[in-house]
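Q: Here is a model I would like to understand better. Please choose one part of it, take a close look, and tell me how that part fits with its neighbours.

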Amino acid sequence: MQLRMATVLPLGLFAVLGVVLAMGLRHDPKVLPSMLLDRPLPEFDLASLKIGAPNLKSSELKGKGVTLVNVFGSWCVSCRYEHPLLMRVGKDTRFKLVGIDWKDAPQDANQYLATYGDPYAQIGTDEVGRTAIDLGVSGAPETFVVDAKGRVRLRVPGPLTPEIWDKQIEPLIKESEKAS
Amino acid sequence: MMRKFFIVIFLLFGTGLAHAVLPEEMLKDSGQELRARDISQVLRCLVCQNQSIDDSNAPLAKDLRIIVRERISAGDSNDQVMAYVVNRYGNYVLLKPPFQLDTALLWLLPFILMIVALGAAFLYLRQQPEPEAGDISNEILKEE
């Protein structure tokens, strides 16, 4: 009996360790919870990418329904991957899609949008990257869903996919529509 | 021949002192610059994840180094600078996780395991029959 305990116990511990490590493999360390969740969008006032257009101001995004803030750059390869999806949802009138052009030369960004299309209602430029750090951005693309009260409800690091859209963003838009 | 070998080894592994801080980023006050270096070494680069922002050449790491220096110049204490960054990126940016409720297991597990192992060893050894003085040589002979 004593011997059986001595064989079963290590095997049991090994199985537990195996399960814990297997769970660790499924966990993507790049997906981090945002510090901004359920907190107001940080203040920003960014010059527009389009000459003569008004600045993109955080204060003006409050109280006007849902806003999607998409951080992108012409240098960012995976931004191209999500661009067709942005082009499609940019036509949706239930929310406003705004872009923050991060650490990018304005002429490059304009070139990029001329080539692939411009889905954004408004674009602010963040060449110094200060606003991106206030948002806790770790890489482009990154998307924030901001509700009508100006609170951040969701952060999506990396490119948007139809699956993320249907499972995470669409429910937030519907919820916000019901509330208003 | 040996000499060449050691030179190659040195070139392969001798990059430990490389830092990413550029001269134009540095603060004029050397005391403040030292503080900035200390802080930068414990902040994680969000792009390369296991490098500190002091070591990383990523543009985001550079932006964060500049912010650390700005906060120091503005008169922030080291803790205030760290709080500024943690406020935006969470505890994840700290290369050494703080001791708090959700990290207690992480910090205490080695000690818990140590106590369990020592306890198990103690119980096991106590169960062994105390050998009598005359038996020792016999036991050794039997085992061999």
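A: Let me start with a term: two residues count as being in contact if their C-beta atoms, placed from the backbone, lie within 7 Å. On that basis, residues 24 or more positions apart account for 47% of the contacts in chain B with a separation of 6 or more. Please keep in mind that this is a predicted model.

A little more on chain B before the close look. Its secondary structure comes to six helices and zero strands, and buried residues make up 16% of its 144 residues. Chain B also meets chain A: 13 residues of chain B are in contact with eleven residues of chain A. By class, the chain A side of this meeting has five nonpolar, four polar and two charged residues.

For the close look, I would pick strand 4 of chain A, which spans residues 95-102. This strand is mostly covered, with seven of its eight residues buried.

Strand 4 of chain A has a partner in strand 3 of chain A (residues 66-72), and the two pair in the parallel sense over seven bridges. Within strand 4 of chain A, K96(A) has T67(A) standing opposite. Strand 3, helix 2 (residues 77-89) and strand 4 of chain A make a right-handed β-α-β unit.

Strand 5 of chain A (residues 122-126) is another partner: strand 4 and strand 5 of chain A pair in the parallel sense over five bridges. Here D101(A) stands opposite T125(A) of strand 5 of chain A. Strand 4, helix 3 (residues 106-116) and strand 5 of chain A also make a right-handed β-α-β unit.

Helix 3 of chain A brings us back to our strand. Its buried residues are A109(A), Y112(A) and L113(A). They lie on the same side of helix 3 of chain A because they cover an arc of only 95 degrees around the axis. As a general point, an α-helix has 3.6 residues a turn, so residues three or four places apart point the same way. The buried residues of helix 3 of chain A pack against strand 4 of chain A. On the other side of helix 3 of chain A, the exposed residues are Q107(A), Q111(A), A114(A) and T115(A). Just after helix 3 of chain A comes G117(A), with a positive phi of about 100 degrees.

To put the picture together, strand 4 of chain A pairs with strand 3 of chain A and with strand 5 of chain A, while the buried residues of helix 3 of chain A pack against strand 4 of chain A.

Definitions and conventions. Residues numbered from 1 in each chain as written. Chains lettered and ligands numbered in written order. Predicted model: local features only at pLDDT ≥ 70, side-chain atom pairs only at ≥ 80, totals over all residues. Helix = DSSP H or I, 4+ residues; strand = E, 2+ residues; numbered from the N terminus. Buried ≥ 20, exposed ≤ 12 C-beta atoms within 10 Å, placed from the backbone. Nonpolar A, V, L, I, M, F, W, Y, C, P; charged D, E, K, R; others polar. Pairing = 2+ DSSP bridges. Right-handed = clockwise from strand over helix to strand, strands pointing away. Arc of directions from axis to C-beta.
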